[in-house]
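This report describes selected features of one protein chain, taken up by topic. The sequence and the structure are shown here.

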Amino acid sequence: MQASLVTDNIYRLSANIESDVLFEGMWPLPHGCAMNSYVIKGRDVAIVDGVCDWDGVPETLYAQMAEIGVDVKDIRYVIINHTEPDHTGWIKSFQKITNDFEVVITQKGLELAQAFYGLDVKYRTVRSGDSIDLGNGKKLVFEETPNVHWPDTMVTYEASTGTLLPCDAFGSYGSVGTAGCDDEMTEEQLQFYEEEALRYFANIVARFHPSVVRAIDKLKNLDVKIIAPGHGLVWRRDPQRVVSLYQRFASFGAGPAEPVVTVLWGSMYGNTEKAIAPLLEGLASEGVKAIVHQVPQTHISDILASAWRSTGVILAMPTYEFKMFPPMAAVIDELGRKMVTGKVALRVGSFGWSGGAQRELDEIMEHQKMKWQFLEPVEFKGAASEEQLQLIRERAAELARQVKAAAIVAAA
Ligand code: FEO
């Protein structure tokens, strides 16, 4: 892929992680993921954010520098907005080429960089409001935005062009080609990246959503004309679109979200599965959209995205050895870790000789402080009777009514 010009003397250099790699070692990338770096040319040259150290990726970066007339050895400043290795893994490779550069980083970032790489280079720690004049009209201003996504995080703002380089914030999954700006995309393509942004947000950023709100508030003081994140598209025509998207996602952190119900179900011999049709009928009778995922067949990455946008969640699973169906317990625990809190919920399912699912569900809810509001569960011994299936239908309709009342935005 070729480097591309974002705006006056600011270039995007990018490599795509392709689909057989798991992001953070666990998140599937069926559509890939772009790793963006930005080179800013003043009298001095700076690179903001870097790339991972996977085979061939740093070399791709160096080749793209050559395309834009930058010798790797010309780089004076390496700006590390965020130390996670998807943005810093290349540093060791870079140091084999030159050691004549200065790392610009927060104090917390420096601690992490030294822990990860034992960095023995010149460095400058910066705080909010600090700046570096690159010459020729290019000036970089730094703003700390801790916990978006790690505590070290800051954003870089190039004042002459109003370009914000926020690293993980405002990013998305999805590979991006050389044409990587919103003004080069169709509406359909933009919607694809917005969906990928939701999954990225739910997987990577959701745990820290209060920090996203704080960061957006802080950045209101900057005259942002372009948003150039470390992953995904550059927003040049309408940067407010991705800010509004992230505000929308962050606002779901309290629980109420879109008028949608995520239905998670797992079944051993088909008895719990027979409850799914009446559940969906009950939701449909109130005009509420359902997103259905079978557990464990569906990856938690997709479940997180669905649950994050949903006001309601239905858990349908059997009891298994005095507890919940184990893969469902693992899913609920992961939802708790990612702070999927405050949902309106319903549990249904089959049991054999003993119950016990409720006790374990209560334990996870308490341990993860999830604060879900449950309707009375519907459990049945063995196969559900027609009367029990009708009760399930009615309870789903009641859940749907509560979801419509609690939702804070229209469905996307
Ligand atoms: Fe893209 Fe938190 O690293």
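## Salt bridges

R199 and E196 are three residues apart in helix 5 (residues 187-205), and so are separated by about one helical turn. Their side chains meet in a salt bridge, with 3.6 Å from N to O. R199 counts as buried, at 5% relative accessibility, and E196 is also buried, with a relative accessible area of 6%. The model is a predicted one. The structure holds 21 salt bridges. Side chains of opposite charge can pair when their charged atoms come close.

The pair K225 and D223 is another salt bridge, in which the closest N and O atoms are 2.9 Å apart. Here K225 is partly exposed, because its relative accessible area of 44% falls between the limits of 20% for buried and 50% for exposed. D223 is likewise partly exposed, with a relative accessible area of 48%. Elsewhere, E195, R248, E258 and R309 are linked in a network of salt bridges.

## A link between distant parts of the sequence

E286 forms a salt bridge with R401, and their closest N and O atoms are 2.8 Å apart. E286 lies in the loop between helix 8 and strand 14 (289-294), while R401 belongs to helix 12, so this pair ties together parts that are 115 residues apart in sequence. R401 counts as partly exposed, at 38% relative accessibility.

## Helix 12

Helix 12 covers residues 386-406, which is 21 residues. From its first C-alpha to its last it reaches 30 Å, close to the 30 Å expected at 1.5 Å a residue.

Which residues of helix 12 are buried? They are L389, I392, R395, A396, A397, L399, A400 and V403. The cover over these buried residues includes three strands named here, strand 13 (258-265), strand 15 (310-316) and strand 18 (344-351). It also includes strand 20 (378-381) and helix 8 (276-285).

## The five-stranded sheet

Strands 8 to 12 make up an open sheet of five strands, in the order 8-9-10-11-12 and with mixed pairing. Strand 8 (131-135) and strand 12 (226-227) stand at the edges; each has a single partner strand, so one side of each is left without a neighbour in the sheet.

Strands of a sheet pair through backbone hydrogen bonds, either parallel or antiparallel. Within this sheet, strand 9 (residues 138-144) and strand 10 (residues 154-158) run antiparallel and are joined by five bridges. V141 stands opposite Y157 in strand 10.

## S4 in strand 1

S4 is located in strand 1 (residues 4-7). Is S4 buried or exposed? Its relative accessible area is 13%, and since buried means under 20%, S4 is buried. With neighbours within four places in sequence left aside, S4 is in contact with I10, Y11, R12 and T178.

## A nonpolar surface patch

M268, Y269 and Y320 make a nonpolar surface patch of about 350 Å². Of these residues, Y320 has its place in strand 16 (residues 319-320). Y320 is partly exposed, with a relative accessible area of 32%. A residue enters a patch with over 30% relative accessible area and no salt bridge, so the 32% of Y320 meets the area limit.

Methods
Residues numbered from 1 in each chain as written. Predicted model: local features only at pLDDT ≥ 70, side-chain atom pairs only at ≥ 80, totals over all residues. Heavy atoms only, no water. Helix = DSSP H or I, 4+ residues; strand = E, 2+ residues; numbered from the N terminus. Expected span 1.5 Å × (residues − 1). Buried < 20%, exposed > 50% of the residue type's maximum accessible area, 1.4 Å probe, protein only. Contact = heavy atoms within 4.5 Å. Patch = residues over 30% accessible without salt bridge, like charges linked within 9 Å, V, L, I, M, F, W, Y side chains within 5 Å. Areas by Shrake-Rupley, 256 points an atom, 1.4 Å probe, with all protein chains shown as cover. Salt bridge = Lys/Arg side-chain N within 4 Å of Asp/Glu carboxyl O. Pairing = 2+ DSSP bridges.
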